Amino acid sequence: MRGGVKNQLTGKEYEVKSKVVINATGVFTDRILGMDNPDHESLISPSQGIHLVVDKEFLPGDTAIMIPKTDDGRVLFAVPWHNKIVLGTTDTPVEEVTEEPIPLKEEIEFILTHIGRYLTKDPQHSDIRSMFAGLRPLVKGKSKVTAALSRDHLITISESDMITVTGGKWTTYRKMAEDTVNLVAEKLQSQITCVTHELKIAVLRPVPASIEGLTDEQITTLVKQTANHEMCMTVEDFLSRRTRQLLLDARVALQKSPLVAAALADVLNKDQAWIQTQINNFKNIATHYLPH
Ligand SMILES: Cc1cc2nc3c(=O)[nH]c(=O)nc-3n(C[C@H](O)[C@H](O)[C@H](O)COP(=O)(O)OP(=O)(O)OC[C@H]3O[C@@H](n4cnc5c(N)ncnc54)[C@H](O)[C@@H]3O)c2cc1C
């Protein structure tokens with residue numbers, strides 16, 4: 001098969017030839033199936049879930065709380081995470097799949113209203129340090145309520161032989177990979193089988209999750225380390241994935257973004273225009289993580 005890929009950092013496009021194409025694009029599964037066959041049957045029922053992050057004082061200690069059934073039958077939790085508390089989650093069916101889903105007002109209200117009675121005090125909007133939404137790629141079923149849909153994964157093969165794997169969970173990713181790789185091996189009549197069960201999960205060099213409390217000099221050193229040794233390429237990379245500052249406190253992340261951009265530019269040899277674009281791009285993303 002022939003296809004094209006685009007480097008999102010440079011804009012450069014490449015032609016790729018391969019014996020097998022695997023579509024493992026989560027909530028975007030149907031979009032790729034549509035490129036393969038515009039008349040394809042849609043597989044995914046997207047379900048939005050959100051998380052709110054508040055300060056540790058709302059749930060002191062190391063223990064998480066799980067509320068298996070709220071008044072309207074939903075699951076709620078409060079989990080200590082890097083000296084903050086993550087509150088969640090929701091299960092909202094959505095029609096449209098977007099790259100940066102935004103928490104809905106009703107979802108924020110639902111969590112704030114219900115979780116208060118299990119914490120040391122009622123969290124208010126102004127207590128939200130960061131909030132974020134994700135879309136679960138649930139496989140379509142008969143139920144109209146996404147919470148009742150299966151979380152098992154599904155593998156399909158299209159008429160053009162594209163393999164699609166979708167619908168699983170983080171916790172089942174190795175099983176998803178194993179089933180897919182073994183299917184590919186079978187199609188290619190190869191003796192090779194997946195070795196995931198023999199591989200240890202890599203323990204990476206610890207980068208602090210939060211940059212709060214670090215001096216500008218310490219942050220600059222950290223940015224340069226991740227750029228030199230972990231291929232950190234953008235401000236978002238550093239503040240959202242190498243550290244988790246955007247998820248822990250979006251305001252702090254925004255404040256420090258010019259410093260991060262300047263340090264990255266130093267290592268990556270970029271100019272002032274690049275720094276400004278990076279700051280603007282990050283601002284556009286981070287605004288959604290602030291309470292609205
Ligand atoms: C709020 C929330 C809470 C959750 N909690 C849990 C939990 O506690 N435990 C659990 O096990 N699971 C949980 N999940 C579910 C879990 O996140 C998903 O089921 C899992 O990430 C699905 O894995 P995937 O590899 O199929 O898709 P994804 O993880 O979505 O990966 C798909 C990848 O494909 C990329 N992609 C898409 N289109 C293209 C394209 N055209 N070209 C190149 N790349 C592309 C995307 O950028 C993405 O990196 C949660 C989900 C949400 C939203």
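Trainee: Why does the ligand lie between domain 1 and domain 2?

Mentor: In this predicted model, domain 1 (18-39 + 149-198) and domain 2 (44-139) both give residues to the shell around the ligand, so the ligand lies between them.

Trainee: Which elements give two or more residues to that shell?

Mentor: Those elements are strand 4 (44-55) and strand 9 (130-139). The largest share, 4 residues, comes from strand 9.

Trainee: What makes the oxygen of the ligand and the backbone of G168 a polar contact?

Mentor: A polar contact requires a pair of N or O atoms within 3.5 Å. An oxygen atom of the ligand is 2.7 Å from a polar backbone atom of G168, so the pair meets that cut-off.

Trainee: How do you know that W170 and T171 also make polar contacts with the ligand?

Mentor: The reasoning uses the 3.5 Å limit again. For W170, a polar backbone atom is 3.0 Å from an oxygen atom of the ligand. For T171, an N or O atom in the side chain is 2.7 Å from an oxygen atom of the ligand. Both pairs therefore count as polar contacts.

Trainee: How much of the ligand's accessible area does the protein cover?

Mentor: On its own the ligand has 1,000 Å² of accessible area, and the protein covers 57% of it.

Trainee: Which residues come nearest to the ligand, and how many residues are around it?

Mentor: There are 17 residues around the ligand, and G26, G168, K169, W170 and T171 come nearest. By class, the shell has 7 nonpolar, 8 polar and 2 charged residues.

Note on methods:
Residues numbered from 1 in each chain as written. Predicted model: local features only at pLDDT ≥ 70, side-chain atom pairs only at ≥ 80, totals over all residues. Heavy atoms only, no water. Near = heavy atom within 4 Å. Polar contact = N/O pair within 3.5 Å; in protein donor to acceptor, adjacent residues only side chain to side chain. Areas by Shrake-Rupley, 256 points an atom, 1.4 Å probe, with all protein chains shown as cover. Nonpolar A, V, L, I, M, F, W, Y, C, P; charged D, E, K, R; others polar. Domains from an automatic or database assignment.
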